[in-house]
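Reader: Hello! Could you take me on a close look at the salt-bridge network in this model, and then show me what surrounds it in the rest of the protein? I work with cut-offs all day, so please spell them out as you go.

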Amino acid sequence: LETVVLRVKLLDLGDPRHILSLALQPPNLSDLERTILNLKEVGALTLTLGGVGNKYDGDLTFLGRVLASLPLDVKLGKLLALGHVFGYLEECLVIAAGLSTKSFFQKPYKLGDQTFYK
C-alpha cells in the first residue's frame, strides 16, 4: 500500500484517500491513514500539504520520489538510498537482499525435504 500511495503522489492525482476509495477493492481507511503516517515517519512525505499542516496527507519529498521509483519496500529503499549517500551501497545491497527474502528456516513440516527441491 505504501508504494501505491507514493505512486498516487508522484502522479499528482490528489488526495490518496479519495483516489484509492474509487478502486474496485478500496483499502480500509484506517490502514491507508496508517500508511500515510508511516510514509511521513520514513521521510517520503512532508508534514504539510502546500504549507498547511495536514495529518493524513503531505507533499512528496525527494526521498519519496526516489522510493516511488524503486520496486522495493519503502524501508529497504531508504536503506539503499542512505547506503548510496554514505558510500556503503554494496553492504546495504547485501543487507536488503537478505531482508527481502523469505526465511529458509520456515518450511512446511509435512513436506520435509521436498520443499527445497522445487
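Author: D15, R17 and E33 are linked in a network of salt bridges, where a salt bridge is a side-chain nitrogen of Lys or Arg within 4 Å of a carboxyl oxygen of Asp or Glu. Please keep in mind that this is a predicted model, in which local features need pLDDT of at least 70 and side-chain atom pairs count only at pLDDT 80 or more, while totals for chains, interfaces and linings use all residues. Residues are numbered from 1 along each chain as its sequence is written, and side-chain values use heavy atoms, with hydrogens and water left out.

Let's begin with the two links of the network. D15 pairs with R17, and their closest N and O atoms are 3.6 Å apart. R17 also meets the side chain of E33, with 3.5 Å from N to O. Because R17 lies in helix α2 (residues 16-20) and E33 in helix α3, this second pair ties together parts that are 16 residues apart in sequence. Helices here are DSSP runs of H or I with at least four residues, strands are runs of E with at least two, and both are numbered from the N terminus.

How covered are the three partners? The terms are these: buried means under 20% relative accessible area, exposed means over 50%, and partly exposed is in between, with a 1.4 Å probe and protein chains only. D15 is partly exposed at 25%, and R17 is likewise partly exposed at 25%. E33 counts as buried, with a relative accessibility of 17%.

The structure holds 4 salt bridges, and another one of them is found in helix α3. There D31 pairs with R34, the closest N and O atoms being 3.0 Å apart. Both residues lie in α3, 3 residues apart, which is about one turn of the helix. D31 is partly exposed at 32% relative accessibility, whereas R34 is exposed at 52%. As a general point, side chains of opposite charge can pair when their charged atoms come close.

Helix α3 also takes us to the nonpolar interior. The largest nonpolar core has 14 residues, and those with the most contacts inside it are V5, L6, L39, L67 and V74. Such a core is a set of buried Ala, Val, Leu, Ile, Met, Phe, Trp, Tyr and Cys residues joined through side-chain atoms within 4.5 Å. The elements giving two or more residues to this core are α1 (2-10), α3 (29-42) and α4. Of these, α3 gives the most, with 4 residues. L67 touches L6, V42, A44, V74, G77 and K78, leaving out residues up to four places away in sequence; contact means heavy atoms within 4.5 Å.

A44 turns up again beside the loop between β2 (52-53) and α4 (62-69), where T61 lies. T61 is buried, with a relative accessible area of 18%. Its side chain reaches the backbone oxygen of A44 at 3.0 Å. Leaving aside neighbours within four places in sequence, T61 is in contact with G43, A44, L45 and T46.

D59 has its place in the loop between β2 and α4 too, and it is partly exposed at 30% relative accessibility. With residues up to four places away not counted, D59 touches A44, L45, T46, T48, L49, G50 and G51. The C-alpha atoms of D59 and T46 are separated by 5.2 Å, although these residues are 13 apart along the chain.

On the surface, L82, V85, F86 and Y88 form a nonpolar patch with about 470 Å² of accessible area together. Patches are made of residues with over 30% relative accessible area and no salt bridge, with like charges joined within 9 Å and nonpolar side chains (Val, Leu, Ile, Met, Phe, Trp, Tyr) within 5 Å. Areas come from the Shrake-Rupley method with a 1.4 Å probe, and for residues only the protein chains shown count as cover. V85 sits in helix α5 (residues 74-86) and is exposed, with a relative accessible area of 60%.

Stepping back, the protein has 6 helices and 2 strands, in the order α-α-α-β-β-α-α-α. Buried residues make up 27% of its 118 residues.

How values were computed: Polar contact = N/O pair within 3.5 Å; in protein donor to acceptor, adjacent residues only side chain to side chain.
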